[in-house]
Amino acid sequence: MTVEVRLVPCLSDNYAVIVRDTASNMVAVVDAPDAAPIMKALDEANWKLTHILVTHKHADHIQGILALKQKYNATVIGPRAEAGEIPTLDTQVAEPDTVEVGSLRARVFDTPGHTAGHICYWFDKEKLLFSADTLFALGCGRPFERPAAVLWQSLLKLRKLPDDTTVYCGHEYTLSNARFSVTVDPDNAALKARLAAVEKARAAGKPTVPSMLGEEKATNPFLRADDPAIAAAVGMKGADAAAVFTEIRERKNTFKA
Ligand SMILES: [Zn+2]
């Protein structure tokens, strides 16, 4: 095993994720919603931060960067397209760049939609995907800066990755997402079973992140907008996938769990 991973809950529902390369002892955090819980997790593990990998410019993903950089002198890596709005970036990246953390290597994917410059990190050997606010467990980010159809194309890019990919997303939104998902994919038995599992986990105060990409492909309606069952369930039989995706994304905006 060359990688160790720790999930760090931050703020009300954000996650930062710490990744350590055991070969080099280099340590990266993916996103920095809040410095204090990240520092605490690093202290407890006796790890020293060397890299901060940023996915997008939103405050709840970057506001801990400065304090972490000051304490650890970590290298800050993030999306070139949002460099002007993430003032502490040392290295700007975009697809098809790669990022190295010791012996670990991540490929960068451009995944516009939630923000125009959002990127995801894919550690191909370890099969770890950091999808932040593009792909959530049973959901996807709200397309603020690009049309839903563009976000759909970004999600298709992530859907091509192997089923045994471990997916770390940026928020604990899974319960609300699961309750919504069954409204647009009501006959999906795997989804119903997952809703029950998510309810149980949340009732016990456990995180639902990470998830496996294979289970997202089977149950996440935002990865399944080209499935005829979903088109039929939302009254859009025969419509193209981007239109179905746009419809279910809009329904999610007004859904109350
Ligand atoms: Zn965001």
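Helices (H or I, at least four residues) and strands (E, at least two) are DSSP runs, numbered from the N terminus. The model is predicted: local features need pLDDT of at least 70, side-chain atom pairs count only at pLDDT 80 or more, and totals for chains, interfaces and linings use all residues. Residues are numbered from 1 along each chain as its sequence is written, and side-chain values use heavy atoms, with hydrogens and water left out.

**Exercise 1. The sheet that begins with S1**

State the order of the strands in the open sheet that contains S1, and identify its edge strands.

Solution.
- Step 1. Two strands pair if DSSP finds at least two bridges between them.
- Step 2. Six strands form this open sheet, in the order S1-S2-S3-S4-S5-S6, and their pairing is mixed.
- Step 3. Strand S1 (3–10) and strand S6 (91–93) each pair on one side only, which makes them the edge strands.
- Step 4. On average, neighbouring strands of the sheet are turned by 20 degrees against each other, direction ignored.
- Step 5. Within the sheet, S4 (residues 51–53) and S5 (residues 75–79) run parallel and are joined by three bridges. His-51 has Thr-75 of S5 as its bridge partner.

**Exercise 2. Helices on this sheet**

Determine which strands helix H1 lies across and which strands helix H3 touches.

Solution.
- Step 1. Contact means heavy atoms within 4.5 Å. Axes are lines fitted to C-alpha atoms, for helices over the stretch in contact, and angles run from 0 to 180 degrees between N-to-C directions.
- Step 2. Helix H1 (residues 35–45) lies across S1, S2 (14–21) and S3 (26–30), and runs at about 145 degrees to S1.
- Step 3. Helix H3 (residues 65–72) packs on the sheet and touches S3, S4 and S5. The direction of H3 makes about 165 degrees with that of S4.

**Exercise 3. The sheet that contains S7**

Give the strand order of the open sheet that contains S7, and describe how S9 is joined to S10.

Solution.
- Step 1. The order of this six-stranded open sheet is S7-S8-S9-S10-S13-S14, with mixed pairing.
- Step 2. Its edge strands, each pairing on one side only, are S7 (98–101) and S14 (211–212).
- Step 3. S9 (residues 119–123) and S10 (residues 128–132) run antiparallel and are joined by three bridges. Phe-123 has its bridge partner in S10, namely Leu-128.
- Step 4. Helix H4 (residues 148–159) lies across S8 (104–110), S9 and S10, at about 150 degrees to S8.

**Exercise 4. Helix H5 and its neighbours**

Identify the buried residues of H5, and establish how H5 is oriented towards H6.

Solution.
- Step 1. Buried means under 20% relative accessible area, exposed over 50%, and partly exposed in between (1.4 Å probe, protein chains only).
- Step 2. In H5 (residues 174–184), the buried residues are Thr-174, Asn-177, Ala-178, Phe-180, Ser-181 and Val-184.
- Step 3. They pack against strands S11 (135–136) and S12 (139–140) and helices H6 (189–203), H8 (228–233) and H9 (241–254).
- Step 4. The axes of H5 and H6 are 9 Å apart and make an angle of about 155 degrees.
- Step 5. Angles under 35 degrees count as roughly parallel, over 145 as roughly antiparallel, 65 to 115 as roughly perpendicular and the rest as oblique. H5 and H6 are therefore roughly antiparallel to each other.
- Step 6. To this contact H5 contributes Thr-174, Leu-175, Ala-178, Arg-179, Ser-181 and Val-182, while H6 contributes Leu-191, Leu-195, Val-198, Glu-199 and Arg-202.

**Exercise 5. Backbone features in the loops**

Locate the cis peptide bonds before Pro-96 and Pro-210, and compare the settings of Asn-25 and Leu-138.

Solution.
- Step 1. The bond from Glu-95 to Pro-96 is cis, with omega near 5 degrees; Pro-96 lies in the loop between S6 and S7.
- Step 2. The bond joining Val-209 and Pro-210 is also cis, with omega about 5 degrees. Pro-210 is found in the loop between H6 and S14.
- Step 3. Asn-25, in the loop between S2 and S3, has a positive phi near 65 degrees without being a glycine. Its relative accessible area of 42% makes Asn-25 partly exposed.
- Step 4. Leu-138, in the loop between S11 and S12, is likewise not a glycine and has a positive phi of about 60 degrees. Leu-138 counts as buried, at 0% relative accessibility.
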